[in-house]
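Here are a few worked exercises to try with the viewer open. Have a go at each task before reading its solution.

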Amino acid sequence: TYTENPISINKSVTLRGPNAGISPASGSSVAPAVVTTTAAGLGNPVFTIAAGVSNVTIEGLTIQMRGDNGIRQQTGVTNLTIRQNEFIGDGPPNGGVIFLDYEGNGSGANVIDNLIRDVTTTGGSVTSGVQLFRIGGVRATDNQIANLTGPGIVADALTGTTNIINNNRVDNIRQQGIQLAGGNATIANNNVTNANTASGADDGGIRLRDSGLTAATLGTVDV
């Protein structure tokens, strides 16, 4: 276990754990490299990616949260890959385990084959699996997300026309399984079961609507 102060990534880097190349949902993983924060980092993301950084890969790790995001990025990044990680611990009280918001400045977000399951949350909070905001070139594929108090995957105000949300498995989610709010995307071959267990009037397996962040309207969506 690597117990660190909250980690800020401010340059191009690949962080590769021993389970890179192994799906965390396969049951075939080797002894993990667990990365978490110190007591002083309680309530902060484990990883924060600084604005303007390009070409960052985080893969094959077990990321243990302590009350905030596992990975957080906000403002202008190019070519970020989050692949084959398992997220455990105490998630953000009202946010995403993976939270990416490029704010319209950057492109390329690959969230591939991660496991987010049984994350503990504060009572009454809404914790999402993956939040993807104001990004172009999204590829969210082959993730397994289960047992959360909020949505599974939430995309809002996506830019460009090459966004893909495919082959994800989302189960036992209190709100919508997958949401696209504004922008264009292909949403295909996802397995969504037991979504909207809170019986929200506007939630469901897949929810499509205009953006709640910007004036972006729902564009072309292949489901």
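**Exercise 1.** Locate Ser-199 among the strands, then decide whether Ser-199 is buried or exposed.

*Solution.* Step one: Ser-199 sits in the loop that runs between strand S22 (191–193) and strand S23 (206–209); strands here are DSSP runs of E with at least two residues, and helices are runs of H or I with at least four, both numbered from the N terminus. Step two: the relative accessible area of Ser-199 is 61%, so Ser-199 is exposed (over 50%; buried is under 20%, and partly exposed lies in between, with a 1.4 Å probe and protein chains only). Step three: check the backbone, where Ser-199 has a positive phi of about 60° although it is not a glycine.

A word on the model you are using: it is predicted, with local features needing pLDDT of at least 70 and side-chain atom pairs pLDDT 80 or more, while totals for chains, interfaces and linings use all residues. Residues are numbered from 1 along each chain as its sequence is written, and side-chain values use heavy atoms, leaving out hydrogens and water.

**Exercise 2.** Find the strand that holds Asn-55 and classify its exposure.

*Solution.* Begin with strand S6 (residues 54–59), which contains Asn-55. Next, its relative accessible area is 44%, so Asn-55 is partly exposed. Finally, phi of Asn-55 is near 60°, a positive value in a residue other than glycine.

**Exercise 3.** Which backbone oxygen does the side chain of Asn-69 reach?

*Solution.* First, place Asn-69 in the loop between strand S7 (62–66) and strand S8 (71–74). Then look at its cover: Asn-69 counts as buried because its relative accessibility is 2%. Now follow the side chain, which reaches the backbone oxygen of Gly-96 at 2.6 Å. Leaving out residues up to four places away in sequence, Asn-69 also has contacts (heavy atoms within 4.5 Å) with residues including Asn-44, Pro-45, Pro-92 and Phe-99.

**Exercise 4.** How many residues are in the largest nonpolar core, and which strand gives the most to this core?

*Solution.* Start from the rule: a nonpolar core joins buried Ala, Val, Leu, Ile, Met, Phe, Trp, Tyr and Cys residues through side-chain atoms within 4.5 Å. The largest one has 42 residues, and Phe-47, Phe-87 and Leu-132 are among those with the most contacts inside it. Strand S11 (residues 94–101) gives the most, with three residues. To finish, inspect Phe-87: beyond its neighbours within four places in sequence, its contacts include Ile-63, Met-65, Val-97 and Ile-116.

Key: A polar contact is a pair of N or O atoms within 3.5 Å; within protein, one must be able to donate a hydrogen and the other to accept it, and residues adjacent in sequence count only if both atoms are side-chain atoms.
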